[in-house]
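Good morning, and thank you for coming. Please look at the sequence and the structure together while I speak.

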Amino acid sequence: MTALRTSASSRQQKARLPAEATSFVGRRHEVAEVKRCLPTSRAVTLTGVGGVGKTRLALRVALDVARDFRGGVWFVELAAVENPDMLAQIVVEALEIRDHSLSSPVEVLTEYLRDKQALIILDNCEHLVHECAVLADVLLRSAPELRILATSREALGFAGEQTLPVPTLPLPDLDSARVPVESLAKCDAVCLFTERARAVLPSFALTEDNRDAVVRICRQLDGLPLGIELAAVRLRALSVQQLHERLDDRFRLLTAGSRAVLPRHQTLRALIDWSHALCSEKEQVLWARVSVFAGGLDLEAAEAVCSGDGIAREEILDLVSGLVDKSILIREEHGSQARYRLLEIIRLYGVEKLVATGQEATLRRRHRDYYRALSARARAQLFGPSQIAWFARLRLEHANLHTALEHCFGDPSEVTSGLDMAADLLYHWISCYYLGEGRHWLDRGLAADTEPSEIRARALWAGSWLAIIQADLASATAMLEESRSIGERLGLEPVLAYVALYSGMIAMCEGDAESAIALYQEALARHRATGDPVGTALALIRLSLAYSFCGDSARAISLGDDCLALSDAHGEGWHRAYMMMALGVEVWRQGDAARATELETKSLTFNRALDDPLGAGVNLEVLAWIAATEKQYQRAAQLLGVLETVWQTIGAPLSGFGHLSHYHDECVQHTRQALGVSAFDTAFKRGARLTYDEALAYALREDKHVDEQRPAETKAAHLTPREREIAGLVAQGLTNGEIAASLVISQRTVEGHIEHILSKLGYRSRAQIAVWVGEQARTADDGSPPDIGVQ
């Protein structure tokens, strides 16, 4: 047996861990998860980008569990180990084993640990991944009560290893302005910044004056703990606002770290340099190339933009996997697809490397060309079964689309391409929340490219539709006049068809139904002649509405059936939903409320799935009219209140369907008369207080808890006791992880509860939950029973 002796200090002090020089902030869920895994997974590796706090997390866990390991808790710092052959010897020294035999260090360790219930922390394994994996495997096989907790940029990759990714700190929402300062201060990222700021500036406090700047600093640094700590140090010389303004040059600014820590942790650049050095040459090249993407990318985009010049397309998958393993790329699930993103700090570093290679212009051009082609593909496949998938994909790629357009308009030689791309994205601008942005791009392109071309003519009629939706009829008319002039001069039938279509919309908005019908008929004939199903469907919808408006029910129904048949033949849904809305109007006019409700409900269901607020708004209008004619006046008034909010959000009432406004006015008049002013106002305000999602559920009669006779504040009643409890903890600023640890449930369960809370309350952010909880508490202070609380 090997002769072994341990020092007296090791026998007396079993937890040989570095002291925590600063406070430990947050990470309740992560601490709980590691502690949960250690008893069952004998090797746990904490992975994550440099500076995310893997070491601090490991140390905190070690301190918490030290009493459970009679054989000691030992910390082994490996960052400075350059010779892999020295690994086992370094561990021997860290465990303070005094061995004078000829046994190898591995033999010494296995003999010493054989019967010990011990925990060894192997810190910073990324440059010794293979060697650490081999040593850990050997030690665990020989010592049944040993546990190993490792930290590394990537998994060690041996049998029995459990990996736990360490995320950046939770960030406050962008709309956190309404969250009380006290709640905001409990957000992990803000809390860390505040505590480190006080360390250098004892008088520092989070206030109403500096809260926005602090939130933006934390978001600029992606919640990366090291970045936040380095930034806070700068408050010795800068105000919070100055720090926020200067963070655009993050690497130059964040260089004031503690001299007591490892050199690569003293500055942000040195830290990321270390990560860069751990990558293979081709991984480094890919890191630089993917930095041209904004908001993330998928594998197809990486293959298209980043391959070539030394990297084969078939190599991209393995290289992406390598960067994910090394915590450079963060993998995220979006439906059935995986996407990848870079922390902004990591992306900026990649940009610098890309610039140094001299390939930045080439990669940005590839990026632009890829998204230019993607936009064209989306337009070409707009009218078909893949429509919804394309809408969803364009939303995910919105930041990249923005970047590509900016690149086009920043290069005089590419302005025409940018204008063409902006026109291709017309349905993206309309069906989402980017109406104003779409018009901005089109207006910018039209101002820069004045050549009377087919592209300009198409951009003009596309811009006119956005202007019509915004009720800017003067601008729409001017654009259509120029588009018509170009179309006639160049003989562009498709252009003339759309000019007629949108001119008809303007005529209907101005109350000239006769002219509108003539223009719609012209548009329909031209679209059918050119074989354009999109234009044909639009013309059929508008012509059906016009005939309905004029009282010609037979033609309205016939044209509607033609549109539905066309949509069904192509497997299309968006235009079909609008056609059902139009048919619902006509069927309601004929007195068939049940059939009209069915049509509007089906249309609304699709528009909600697509998240099209314009389409949903028109559906809500018709459902309100139906309710009034059915003498369901409480429901009609509440829906009218909902519509007040919807149209304010969109920016114009009945956008693009102004000729229907007289139905709205009649509905208001009859409903107010039936209920009386006071009862009408009460129901109207009740509807206005409903959130968008709750309003849609109410309109579709899905939410039985939304009752016309009860005030909207009682929506708390249909939160379960556990949901009310979690809502209260969210309002206190706790993260999902902290809530999970506090309630002793999994983070996944917490996430599910919060999704249900958001859905039931109709909210989109945690900040809204916090505000709502505060409102409930204030209501209780006023003397009414509270709707929120832990039960």
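I shall begin with the whole protein, continue with its strands, and close with its charged side chains.

Please keep in mind that this is a predicted model. The protein has 791 residues, and 55% of them count as buried. Its secondary structure comes to 40 helices and 11 strands. The accessible surface amounts to about 32900 Å², and carbon and sulfur atoms contribute 51% of that area. What share of the contacts with a separation of 6 or more joins residues 24 or more positions apart? The share is 70%.

Let us now turn to the strands. As a reminder, strands of a sheet pair through backbone hydrogen bonds, either parallel or antiparallel. Both kinds of pairing will appear in what follows.

I start with strand β7, which covers residues 147-152. Is this strand largely enclosed or not, and why? Six of its six residues are buried, so β7 is largely enclosed by the rest of the structure. Its side chains point in two directions: R147, L149 and T151 point one way, while I148, A150 and S152 point the other way. The residues on both of these sides are buried.

Which strands pair with β7? One partner is strand β3, residues 43-47, which is joined to β7 in the parallel sense over five bridges. Within this pairing, T45 stands opposite A150 of β7. Another partner is strand β6, residues 119-123, which runs parallel to β7 and is joined to it by four bridges. Here L119 stands opposite R147 of β7. To travel from β6 to β7, the chain passes through helix α6, and this β-α-β crossover is right-handed.

Helix α6 deserves a further remark. The helix spans residues 129-142, and V138 lies in it. With a relative accessibility of 32%, V138 counts as partly exposed, because that value falls between the limits of 20% for buried and 50% for exposed. V138 also joins V106 and V134 in making a nonpolar surface patch of about 190 Å².

The next sheet offers an antiparallel example. This open sheet consists of three strands in the order β9-β11-β10, with antiparallel pairing. Strands β9 (297-298) and β10 (330-334) stand at the edges with a single partner strand each, so one side of each has no neighbour in the sheet. Strand β11, residues 337-341, pairs with β10 over five antiparallel bridges. One bridge to find on the display is that between E332 and its partner R339 in β11.

Before the charged residues, I would point to one residue in a helix. Q220 lies in helix α9, which covers residues 211-220. Is Q220 buried or exposed? Q220 is buried, because its relative accessible area is 13% and the limit for buried is under 20%. Q220 and H244 are 24 residues apart in sequence, and their C-alpha atoms are 8.4 Å apart in space.

Finally, we come to the salt bridges. A search of the whole structure finds 41 of them, and I have chosen three for you.

The pair R27 and E30 forms a salt bridge whose closest N and O atoms are 3.6 Å apart. Both of these residues are buried.

My next example is the pair D420 and R372, whose side chains meet at 2.2 Å, N to O. Why does this pair tie together separate parts of the sequence? D420 lies in helix α21 (residues 415-424) and R372 in helix α18 (residues 360-380), so the salt bridge links parts that are 48 residues apart in sequence. D420 and R372 are both buried. They also belong to a network of salt bridges that links R372, R379, D420, D424 and R458.

The last example lies within one helix. E598 and R595 are both in helix α31 (residues 593-610), three residues apart, which is about one turn of the helix. Their closest N and O atoms are 3.3 Å apart. How exposed are these two residues? E598 has a relative accessibility of 36% and counts as partly exposed. R595, at 34%, counts as partly exposed too.

That concludes the presentation, and I thank you for your attention.

Conventions. Residues numbered from 1 in each chain as written. Predicted model: local features only at pLDDT ≥ 70, side-chain atom pairs only at ≥ 80, totals over all residues. Heavy atoms only, no water. Buried < 20%, exposed > 50% of the residue type's maximum accessible area, 1.4 Å probe, protein only. Contact = heavy atoms within 4.5 Å. Areas by Shrake-Rupley, 256 points an atom, 1.4 Å probe, with all protein chains shown as cover. Pairing = 2+ DSSP bridges. Patch = residues over 30% accessible without salt bridge, like charges linked within 9 Å, V, L, I, M, F, W, Y side chains within 5 Å. Salt bridge = Lys/Arg side-chain N within 4 Å of Asp/Glu carboxyl O. Right-handed = clockwise from strand over helix to strand, strands pointing away.
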